[in-house]
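The following exercises concern the structure shown below. Each task sentence is followed by a solution in steps.

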Amino acid sequence: MVARACSFAVLASILLTACSADPAPKPEAPPPPPCQSTMFEGVSFTHCAAVPGRHTIHTVLGPKNGAPYRSLSQLAIDRPAKSHEVAFAFNGGMFDTNGLPIGYYVENGEKRHALSTRAGWGNFHLLPNGVFYGDAAGNWRVSTAQDFESDVTDRPDFGTQSGPMLVIAGKLHPGIDADGKSLKLRNGVGVDAQGRAHFVISDEPVSFGKLARYFRDTLKCPNALFLDGSVSSLWDPEHGRVDGGPPLGPLIVVEKSAMGGKIEAKR
(Lines give C-alpha, C1' and ligand atoms only; values in the text may rest on other atoms or scores of the structure.)
Protein backbone atom coordinates (compact mmCIF):
# COMPACT_ATOMS: atom_id res chain seq x y z
CA MET A 1 0.00 0.00 0.00
CA VAL A 2 2.87 2.36 0.84
CA ALA A 3 4.59 1.63 -2.52
CA ARG A 4 1.33 2.24 -4.41
CA ALA A 5 0.82 5.53 -2.58
CA CYS A 6 4.34 6.63 -3.50
CA SER A 7 3.70 5.73 -7.16
CA PHE A 8 0.54 7.82 -7.22
CA ALA A 9 2.40 10.75 -5.65
CA VAL A 10 5.20 10.60 -8.24
CA LEU A 11 2.68 10.37 -11.10
CA ALA A 12 0.71 13.34 -9.74
CA SER A 13 3.91 15.37 -9.47
CA ILE A 14 4.85 14.59 -13.09
CA LEU A 15 1.38 15.52 -14.36
CA LEU A 16 1.37 18.75 -12.35
CA THR A 17 4.77 19.71 -13.73
CA ALA A 18 3.65 18.93 -17.29
CA CYS A 19 0.47 20.98 -16.95
CA SER A 20 2.26 23.98 -15.44
CA ALA A 21 5.01 24.11 -18.10
CA ASP A 22 4.72 26.78 -20.78
CA PRO A 23 3.48 25.38 -24.08
CA ALA A 24 6.08 25.12 -26.83
CA PRO A 25 5.98 28.17 -29.14
CA LYS A 26 4.40 27.58 -32.50
CA PRO A 27 6.79 27.93 -35.43
CA GLU A 28 6.33 31.11 -37.45
CA ALA A 29 4.54 30.72 -40.76
CA PRO A 30 6.79 31.24 -43.77
CA PRO A 31 6.36 34.58 -45.56
CA PRO A 32 4.15 34.60 -48.64
CA PRO A 33 5.79 34.30 -52.08
CA PRO A 34 7.25 37.66 -53.09
CA CYS A 35 5.37 37.59 -56.43
CA GLN A 36 1.65 36.95 -56.78
CA SER A 37 -0.96 37.34 -59.51
CA THR A 38 -3.75 39.85 -59.08
CA MET A 39 -6.57 41.53 -61.01
CA PHE A 40 -7.31 45.24 -61.24
CA GLU A 41 -10.02 46.85 -63.35
CA GLY A 42 -10.32 43.67 -65.40
CA VAL A 43 -6.61 43.37 -66.19
CA SER A 44 -4.18 40.72 -64.89
CA PHE A 45 -1.02 41.93 -63.15
CA THR A 46 1.86 40.29 -61.31
CA HIS A 47 2.77 42.12 -58.12
CA CYS A 48 6.11 41.54 -56.37
CA ALA A 49 6.93 43.11 -52.99
CA ALA A 50 10.34 43.82 -51.46
CA VAL A 51 10.29 44.20 -47.67
CA PRO A 52 13.01 46.02 -45.71
CA GLY A 53 14.91 43.60 -43.49
CA ARG A 54 13.85 40.65 -45.63
CA HIS A 55 15.23 41.78 -48.97
CA THR A 56 18.02 43.87 -50.44
CA ILE A 57 17.85 45.63 -53.79
CA HIS A 58 20.60 46.05 -56.38
CA THR A 59 20.87 47.51 -59.85
CA VAL A 60 22.82 45.39 -62.33
CA LEU A 61 24.01 46.01 -65.88
CA GLY A 62 26.30 43.04 -66.47
CA PRO A 63 29.29 41.19 -65.08
CA LYS A 64 32.07 43.39 -63.71
CA ASN A 65 33.91 45.10 -66.58
CA GLY A 66 31.69 43.21 -69.02
CA ALA A 67 28.97 44.07 -71.51
CA PRO A 68 25.35 44.40 -70.31
CA TYR A 69 23.48 41.13 -69.81
CA ARG A 70 20.60 42.31 -72.06
CA SER A 71 18.28 39.58 -70.66
CA LEU A 72 17.07 38.15 -67.37
CA SER A 73 17.93 34.63 -68.52
CA GLN A 74 21.56 35.67 -69.02
CA LEU A 75 21.53 37.26 -65.56
CA ALA A 76 20.25 33.97 -64.12
CA ILE A 77 22.94 31.95 -65.90
CA ASP A 78 25.79 34.26 -64.89
CA ARG A 79 24.92 34.74 -61.20
CA PRO A 80 28.11 34.15 -59.14
CA ALA A 81 28.07 30.88 -57.17
CA LYS A 82 28.02 32.52 -53.72
CA SER A 83 25.38 35.13 -54.50
CA HIS A 84 22.36 35.55 -52.26
CA GLU A 85 19.18 33.85 -53.40
CA VAL A 86 17.15 35.93 -55.85
CA ALA A 87 13.58 36.73 -54.80
CA PHE A 88 12.79 38.32 -58.18
CA ALA A 89 14.25 40.65 -60.81
CA PHE A 90 12.86 43.20 -63.27
CA ASN A 91 14.09 45.32 -66.11
CA GLY A 92 14.59 48.76 -64.62
CA GLY A 93 15.35 51.96 -66.49
CA MET A 94 15.69 53.56 -69.91
CA PHE A 95 18.69 52.64 -72.07
CA ASP A 96 20.37 53.17 -75.44
CA THR A 97 20.91 50.72 -78.31
CA ASN A 98 23.88 49.17 -76.46
CA GLY A 99 21.87 48.54 -73.30
CA LEU A 100 23.54 51.36 -71.37
CA PRO A 101 21.52 53.75 -69.18
CA ILE A 102 20.57 57.16 -70.55
CA GLY A 103 19.64 58.60 -67.16
CA TYR A 104 20.95 58.51 -63.60
CA TYR A 105 22.39 55.12 -62.77
CA VAL A 106 24.29 53.89 -59.70
CA GLU A 107 25.42 50.31 -59.13
CA ASN A 108 27.06 49.22 -55.84
CA GLY A 109 27.65 52.86 -54.92
CA GLU A 110 29.39 53.69 -58.22
CA LYS A 111 27.76 56.33 -60.42
CA ARG A 112 27.74 55.18 -64.03
CA HIS A 113 25.58 57.93 -65.56
CA ALA A 114 24.54 61.43 -64.52
CA LEU A 115 20.98 62.61 -63.86
CA SER A 116 19.04 63.80 -66.92
CA THR A 117 16.55 66.65 -66.49
CA ARG A 118 16.15 67.81 -70.09
CA ALA A 119 12.87 67.66 -71.98
CA GLY A 120 12.57 65.70 -75.20
CA TRP A 121 10.65 63.06 -77.11
CA GLY A 122 9.34 59.77 -75.73
CA ASN A 123 8.20 58.38 -72.39
CA PHE A 124 11.47 59.12 -70.62
CA HIS A 125 11.18 62.84 -71.37
CA LEU A 126 7.50 63.16 -70.44
CA LEU A 127 8.43 65.28 -67.44
CA PRO A 128 8.52 64.82 -64.61
CA ASN A 129 10.40 61.57 -64.84
CA GLY A 130 11.96 60.05 -61.74
CA VAL A 131 14.54 57.99 -59.90
CA PHE A 132 14.16 54.78 -57.91
CA TYR A 133 17.01 54.59 -55.41
CA GLY A 134 18.02 53.39 -51.98
CA ASP A 135 20.59 51.77 -49.74
CA ALA A 136 21.48 48.30 -48.50
CA ALA A 137 19.78 49.00 -45.16
CA GLY A 138 16.35 48.97 -46.82
CA ASN A 139 15.70 52.70 -47.19
CA TRP A 140 14.09 52.89 -50.63
CA ARG A 141 12.53 55.86 -52.40
CA VAL A 142 10.89 57.00 -55.62
CA SER A 143 11.34 60.72 -56.34
CA THR A 144 10.89 63.00 -59.30
CA ALA A 145 14.20 63.83 -60.95
CA GLN A 146 13.82 67.46 -59.83
CA ASP A 147 13.27 66.47 -56.18
CA PHE A 148 16.15 64.03 -56.36
CA GLU A 149 18.45 66.73 -57.73
CA SER A 150 17.52 69.22 -55.01
CA ASP A 151 17.10 66.94 -51.98
CA VAL A 152 19.54 64.02 -52.28
CA THR A 153 23.14 64.83 -51.35
CA ASP A 154 24.52 61.39 -50.45
CA ARG A 155 25.00 58.95 -53.30
CA PRO A 156 22.67 55.94 -52.88
CA ASP A 157 23.87 52.35 -53.05
CA PHE A 158 21.68 51.86 -56.11
CA GLY A 159 19.70 54.16 -58.37
CA THR A 160 18.05 54.09 -61.78
CA GLN A 161 16.22 56.83 -63.67
CA SER A 162 13.19 56.20 -65.83
CA GLY A 163 10.02 57.94 -66.84
CA PRO A 164 7.49 59.17 -66.73
CA MET A 165 6.45 59.23 -63.11
CA LEU A 166 3.12 57.45 -62.67
CA VAL A 167 2.09 58.84 -59.28
CA ILE A 168 3.44 62.06 -57.75
CA ALA A 169 2.58 62.91 -54.13
CA GLY A 170 -0.60 60.82 -54.38
CA LYS A 171 -1.75 62.26 -57.71
CA LEU A 172 -1.53 60.79 -61.20
CA HIS A 173 1.01 62.31 -63.57
CA PRO A 174 -0.80 65.25 -65.25
CA GLY A 175 0.35 64.17 -68.72
CA ILE A 176 -1.12 60.66 -68.49
CA ASP A 177 -4.60 59.96 -69.86
CA ALA A 178 -7.00 58.06 -67.63
CA ASP A 179 -7.23 55.27 -70.22
CA GLY A 180 -5.23 56.14 -73.30
CA LYS A 181 -5.33 54.16 -76.53
CA SER A 182 -1.72 53.01 -76.18
CA LEU A 183 -1.92 49.53 -74.64
CA LYS A 184 1.34 47.67 -73.96
CA LEU A 185 2.91 45.32 -71.47
CA ARG A 186 4.17 47.75 -68.85
CA ASN A 187 5.94 47.65 -65.51
CA GLY A 188 6.71 50.08 -62.73
CA VAL A 189 7.83 50.49 -59.13
CA GLY A 190 6.44 52.37 -56.14
CA VAL A 191 7.22 52.65 -52.44
CA ASP A 192 4.45 52.72 -49.83
CA ALA A 193 4.30 54.54 -46.49
CA GLN A 194 5.79 51.50 -44.70
CA GLY A 195 8.85 51.61 -46.96
CA ARG A 196 8.01 48.48 -48.96
CA ALA A 197 8.94 48.56 -52.64
CA HIS A 198 6.19 47.32 -54.95
CA PHE A 199 7.10 46.09 -58.42
CA VAL A 200 4.25 45.52 -60.87
CA ILE A 201 4.17 44.09 -64.39
CA SER A 202 1.03 43.74 -66.50
CA ASP A 203 0.34 40.27 -67.86
CA GLU A 204 -1.56 41.77 -70.78
CA PRO A 205 -1.46 45.12 -72.60
CA VAL A 206 -2.50 47.98 -70.31
CA SER A 207 -2.72 51.78 -70.43
CA PHE A 208 -0.48 54.13 -68.45
CA GLY A 209 -3.52 55.35 -66.53
CA LYS A 210 -4.62 51.93 -65.34
CA LEU A 211 -1.11 51.00 -64.19
CA ALA A 212 -0.84 54.32 -62.35
CA ARG A 213 -4.20 53.84 -60.62
CA TYR A 214 -3.18 50.40 -59.43
CA PHE A 215 -0.17 51.90 -57.67
CA ARG A 216 -2.22 54.75 -56.22
CA ASP A 217 -5.50 53.06 -55.31
CA THR A 218 -4.55 49.47 -54.46
CA LEU A 219 -0.91 49.61 -53.37
CA LYS A 220 -1.24 53.08 -51.78
CA CYS A 221 2.08 54.28 -53.15
CA PRO A 222 2.32 58.09 -52.94
CA ASN A 223 5.04 58.00 -55.62
CA ALA A 224 5.43 55.46 -58.41
CA LEU A 225 7.67 55.31 -61.46
CA PHE A 226 7.17 53.77 -64.90
CA LEU A 227 10.05 51.41 -65.71
CA ASP A 228 9.33 50.44 -69.32
CA GLY A 229 6.84 49.13 -71.85
CA SER A 230 6.91 46.39 -74.50
CA VAL A 231 10.23 45.04 -73.16
CA SER A 232 8.82 44.66 -69.61
CA SER A 233 10.23 41.45 -68.10
CA LEU A 234 10.19 39.51 -64.82
CA TRP A 235 12.34 36.76 -63.35
CA ASP A 236 10.37 34.99 -60.62
CA PRO A 237 12.41 31.93 -59.50
CA GLU A 238 9.78 30.66 -57.07
CA HIS A 239 7.26 30.20 -59.88
CA GLY A 240 9.77 29.26 -62.57
CA ARG A 241 9.14 32.38 -64.67
CA VAL A 242 11.88 33.98 -66.77
CA ASP A 243 10.51 36.33 -69.40
CA GLY A 244 12.27 36.65 -72.74
CA GLY A 245 11.90 39.22 -75.47
CA PRO A 246 13.77 42.23 -76.85
CA PRO A 247 17.18 43.11 -75.38
CA LEU A 248 17.11 44.89 -72.01
CA GLY A 249 19.27 47.50 -70.28
CA PRO A 250 19.57 48.10 -66.52
CA LEU A 251 18.15 45.37 -64.29
CA ILE A 252 16.80 45.52 -60.74
CA VAL A 253 17.59 42.44 -58.63
CA VAL A 254 15.84 41.81 -55.31
CA GLU A 255 17.70 39.32 -53.11
CA LYS A 256 16.70 37.38 -50.02
CA SER A 257 19.40 38.57 -47.65
CA ALA A 258 20.28 40.36 -44.44
CA MET A 259 20.58 44.12 -44.29
CA GLY A 260 23.90 45.79 -44.98
CA GLY A 261 25.46 49.17 -44.44
CA LYS A 262 25.05 52.47 -46.22
CA ILE A 263 27.57 53.97 -48.60
CA GLU A 264 27.89 57.72 -48.15
CA ALA A 265 29.33 59.69 -51.03
CA LYS A 266 28.33 62.67 -53.06
CA ARG A 267 25.74 61.83 -55.67
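**Exercise 1: A strand and its two neighbours**

Cys-48 stands opposite Phe-199 in β13. Identify the strands that pair with β2 and describe how β2 is covered.

Solution. The model is predicted: local features need pLDDT of at least 70 and side-chain atom pairs count only at pLDDT 80 or more, whereas totals for chains, interfaces and linings use all residues. Residues are numbered from 1 along each chain as its sequence is written, and side-chain values use heavy atoms, with hydrogens and water left out.

Step 1. Strands are DSSP runs (E, at least two residues) and helices likewise (H or I, at least four), numbered from the N terminus; pairing requires at least two bridges found by DSSP between two strands. Strand β13 (residues 197-202) runs antiparallel to β2 and is joined to it by 6 bridges.

Step 2. Strand β1 (residues 35-40) is also antiparallel to β2, again with 6 bridges, and Met-39 of this pair stands opposite Ser-44 in β2. A hairpin is formed by β1 and β2 with 2 residues between them, and Glu-41 in the turn has a positive phi of about 50°.

Step 3. In β2 (residues 43-50), 8 of 8 residues are buried, that is, under 20% relative accessible area, with exposed meaning over 50% and partly exposed in between (1.4 Å probe, protein chains only). Val-43, Phe-45, His-47 and Ala-49 point one way, while Ser-44, Thr-46, Cys-48 and Ala-50 point the other way. In a regular strand the side chains alternate between the two faces of the sheet.

**Exercise 2: The sheet and its helix**

Which strands are at the edges of the open sheet, and which helix packs on the sheet?

Solution. Step 1. The sheet is open, has 7 strands in the order β1-β2-β13-β12-β14-β10-β11, and its pairing is antiparallel.

Step 2. β1 and β11 (171-172) are the edge strands, each pairing on one side only.

Step 3. Strands β12 (residues 186-191) and β14 (residues 223-229) pair in the antiparallel sense over 6 bridges, and Val-189 stands opposite Leu-225 in β14.

Step 4. Helix α4 (residues 208-218) packs on the sheet, touching β1, β2, β10 (165-168), β11, β12, β13 and β14; a contact means heavy atoms within 4.5 Å. The direction of α4 makes about 35° with that of β10, where axes are lines fitted to C-alpha atoms, for helices over the stretch in contact, and angles run from 0 to 180 degrees between N-to-C directions.

**Exercise 3: The surroundings of Ala-87**

Is Ala-87 buried or exposed, and which residues does Ala-87 touch?

Solution. Step 1. Ala-87 belongs to strand β4 (residues 85-91).

Step 2. Ala-87 is buried because its relative accessible area is 2%.

Step 3. Leaving aside residues up to four places away in sequence, Ala-87 touches Pro-34, His-55, Asp-236, Pro-237, Val-254, Glu-255 and Lys-256. Of these contacts, Lys-256 lies 169 residues from Ala-87 along the chain, with their C-alpha atoms separated by 5.7 Å.

**Exercise 4: The chain as a whole**

What share of the residues is buried, and what share of the contacts joins residues 24 or more positions apart?

Solution. Step 1. The chain contains 4 helices and 17 strands.

Step 2. Of its 267 residues, 46% count as buried.

Step 3. Among contacts with a separation of 6 or more, 73% link residues 24 or more positions apart.
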